[in-house]
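Hi,

Here is the structure I said I'd pass along. Have a look first, and my notes follow underneath.

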Amino acid sequence: GQWLEGSPVEEQYNESQDSSDNGNIVGNKRKATDFPPGLANVIWCALNSPEPQTGASLLRNMLCVQNIVPPIHLVEKLMDLIKFGPKAEGSSVYFKDPLRTQLASSYACALVSASSHLMRKDDSAIFGPSSWDDVEVLLSQSITQTENAISGRRLAQGLQMAACGSKLLSLMLRTELQGNDLTSTSFTFDATSMKFMPTVKVLQCEDLRNVLKVVVRHTTSCLVRHSKWILDHDLNELSTIERASAECCASEAKTCLDSLGSVVCYTAWLFCSEEGVAIDHSSSAIIVRDEFLSELARSIENLPEMSSRKKATFTKKVKIHFLLSLVEEFAFPLQDSVGKMLGLEDVLDCV
């Protein structure tokens, strides 16, 4: 029942369930056990503290060993911490704490993974967004959490928070849709299946065409804002201390971009399913291309002025990295379609 450091959350959860069966199974899901009365607030105080390891370890062991899941109000607090960072009791001011953010995100990912095997006693999903605001905040963190931070520790902390949020969003969509054949866009948005797909439900209610536009814009903004770290970046000229911070910034920025690109893929798939067309249909590819180019032009205006030659080179690199961020295999036809519309089909053939 111990949480193994360095092992994927999903693997540990699934392995711990292989030999357990509480006999309370509906379909392919077990009914989860509720928190003991009065325990939620105690554990939350332990998690949201300067030494959160104890609370996080207890929460994850309860999930993996006993199928115990937190009540909805604790899930909302957890989502709030991942969205904005922790805050002191009685205070309205959020602050950055990489350890607390990482532990909260790790536990949230464990809950999402467990959602493929567990459900609440009312037959609902055990973790997911409660509104469009939850999703939009996670999408925008690479910008909102790095305002006025150009480099150094402050930027690294903001990017780490954004990477945690975008990874969680990507995982929620991947887990909710994992039972579907993603090589086809045949999918039914019925009320029964939506109970187990809170993220998909939120996206559909917001209008998938609009959501796809928003996701592409945030992905492009992330890529351009943090292009210094995502594109080719020479760290050799930095001091040892500067290099450590820069390597962290580069790693987190690339993780954030890949996760947002994954969200683009799943959102495009949902849009195509609702429209009844294939993933490579021009309707989705045109939306992705137009929103990308529009946001690229707007975002470049906020960068230091470049010569025409440098701007052309930079623009081409950004286009290539955007296409490569569409990392999900089922979306490769979409990647090809958008690449052709951007005039980069030859480049993709060489990648």
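**What I found**

Let me start with a helix pair: helix α2 (residues 39-47) packs against helix α4 (residues 72-84) at an angle of about 15 degrees, and their axes are 11 Å apart. Since angles under 35 degrees count as roughly parallel, α2 and α4 are therefore roughly parallel to each other. Their crossing is right-handed. On the α2 side the contact is made by A40, N41, W44 and L47, which meet H73, L74, K77, L78 and L81 of α4. Sorted by type, the residues of this contact come to 6 nonpolar, 2 polar and 1 charged. Bear in mind throughout that this is a predicted model.

One of those α4 residues, L78, turns up again in the core. The largest nonpolar core has 101 residues, and L78 is among those with the most contacts inside it, along with F127, L139, F187, V200 and L270. Which helix gives the most to this core? That would be α12 (residues 240-275), with 16 residues. As background, nonpolar side chains in soluble globular proteins tend to be buried together.

If you want to follow one core residue, try L139. Setting aside neighbours within four places in sequence, L139 is in contact with W132, L169, V214, V215, H218, L260 and V263.

S142 is worth a click too. This serine is found in helix α6 (residues 132-144). Is S142 buried or exposed? Its relative accessibility is 1%, so S142 counts as buried. Not counting residues up to four places away in sequence, S142 touches A162, C222, H226, C256 and L260. L260 is thus a contact of both L139 and S142.

Then go to G165, in helix α7 (residues 152-176). With 0% relative accessibility, G165 counts as buried. Leaving aside neighbours within four places in sequence, the contacts of G165 are with I82, L138 and Q141. G165 and S259 are 94 residues apart in sequence, yet their C-alpha atoms are 9.1 Å apart in space.

Last stop is helix α9 (residues 198-206), where P198, T199, V200, V202 and L203 are buried. V200 is also one of the residues with the most contacts inside the largest nonpolar core. Just after α9, D207 takes a positive phi of about 90 degrees.

Shout if you'd like to go through any of this together.

Cheers

Technical notes. Residues numbered from 1 in each chain as written. Predicted model: local features only at pLDDT ≥ 70, side-chain atom pairs only at ≥ 80, totals over all residues. Heavy atoms only, no water. Core = buried A, V, L, I, M, F, W, Y, C linked by side-chain atoms within 4.5 Å. Buried < 20%, exposed > 50% of the residue type's maximum accessible area, 1.4 Å probe, protein only. Helix = DSSP H or I, 4+ residues; strand = E, 2+ residues; numbered from the N terminus. Contact = heavy atoms within 4.5 Å. Axes fitted to C-alpha atoms, helices over the stretch in contact; angles between N-to-C directions. Parallel < 35°, antiparallel > 145°, perpendicular 65-115°, else oblique. Left-handed = near helix turned anticlockwise from the far one by under 90°. Nonpolar A, V, L, I, M, F, W, Y, C, P; charged D, E, K, R; others polar.
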